[in-house]
Amino acid sequence: MQDNAPAHRARITNQFLYENNIPVLHPWPPYSPDLNPIEHLWDLLDRRVRMRQPQPQTLLQLERALHEEWDNIPQQAVQRLIGSMRRRCQAVILSRGHHTRY
C-alpha cells in the first residue's frame with residue numbers, strides 16, 4: 001500500500017518491488033493516501049512525543065522518546081486501525097477515490 005509520493009513511483013522503487021515479488025495495490029486513489037494505517041500510527045506517535053514534558057532537546061532524547069512512545073502505543077489502537085480498513089476502503093470506492101472523512 002503506497003500513496004502517490006514521487007519516491008513511491010520511482011523506477012528503482014517499482015523495480016525493487018517487482019524483483020522481490022512484493023505486491024502493491026494499483027491503481028492507488030490519488031486523494032486517499034490516508035488509507036494506509038501506518039500514516040495514522042505515525043500521527044499518533046507524533047502527538048504522543050509532542051505531549052511529553054519536557055520536550056526532547058537533543059536527537060538522542062528524541063530518539064529515546066520515539067522508541068518509548070512507540071512501545072507504549074496500545075495494541076488496541078493498532079487493532080482499531082486494522083479493523084477500520086474495510087470501512088475505509090468502502091468509503092473510497094463509494095467516493096470514486098476522492099478524499100472523504102472516514
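Let me start with the salt bridge between glutamate 69 and arginine 48, whose closest N and O atoms lie 2.9 Å apart in what is, I should say at once, a predicted model. This pair links distant parts of the chain, since glutamate 69 belongs to helix H4 and arginine 48 to helix H3, with their positions 21 residues apart in the numbering. As for how covered the two partners are, glutamate 69 has a relative accessibility of 10% and therefore counts as buried, the cut-off being under 20%, whereas arginine 48, at 21%, counts as partly exposed. The two residues are also part of a wider arrangement, because a network of salt bridges links Arg48, Arg52, Glu68 and Glu69.

How, then, do H3 and H4 pack against each other? Helix H3 covers residues 37-50, and the two helices pack at an angle of about 120°, with their axes 9 Å apart. That angle makes H3 oblique to H4, and the crossing in which H3 passes H4 is right-handed.

Now to the salt bridges within H3. Aspartate 43 pairs with arginine 47, the closest N and O atoms being 3.0 Å apart, and because these residues are four apart in helix H3, about one helical turn separates them. Both ends of this bridge are partly exposed, aspartate 43 with a relative accessible area of 38% and arginine 47 at 43%.

A second bridge in H3 joins the side chains of aspartate 46 and arginine 50, with an N to O distance of 2.9 Å, and here again the residues are four apart, about one turn of the helix. In this case aspartate 46 is partly exposed, with a relative accessible area of 31%, while arginine 50 is exposed, at 57%. As general background, side chains of opposite charge can pair when their charged atoms come close. For the structure as a whole, the search finds five salt bridges, among them the bridges I have just described between aspartate 43 and arginine 47 and between aspartate 46 and arginine 50.

Finally, I would like to turn from charged side chains to nonpolar ones. Which residues make the nonpolar surface patch of about 270 Å²? The patch is made by Leu59, Leu62 and Leu66. Of these, leucine 59 lies in helix H4, which covers residues 59-72, and leucine 59 counts as exposed because its relative accessibility is 72%, where the cut-off is over 50%. Helix H4 thus holds both leucine 59 from this patch and glutamate 69, the partner of arginine 48 with which I began.

How values were computed:
Residues numbered from 1 in each chain as written. Predicted model: local features only at pLDDT ≥ 70, side-chain atom pairs only at ≥ 80, totals over all residues. Heavy atoms only, no water. Patch = residues over 30% accessible without salt bridge, like charges linked within 9 Å, V, L, I, M, F, W, Y side chains within 5 Å. Areas by Shrake-Rupley, 256 points an atom, 1.4 Å probe, with all protein chains shown as cover. Salt bridge = Lys/Arg side-chain N within 4 Å of Asp/Glu carboxyl O. Buried < 20%, exposed > 50% of the residue type's maximum accessible area, 1.4 Å probe, protein only. Axes fitted to C-alpha atoms, helices over the stretch in contact; angles between N-to-C directions. Parallel < 35°, antiparallel > 145°, perpendicular 65-115°, else oblique. Left-handed = near helix turned anticlockwise from the far one by under 90°.
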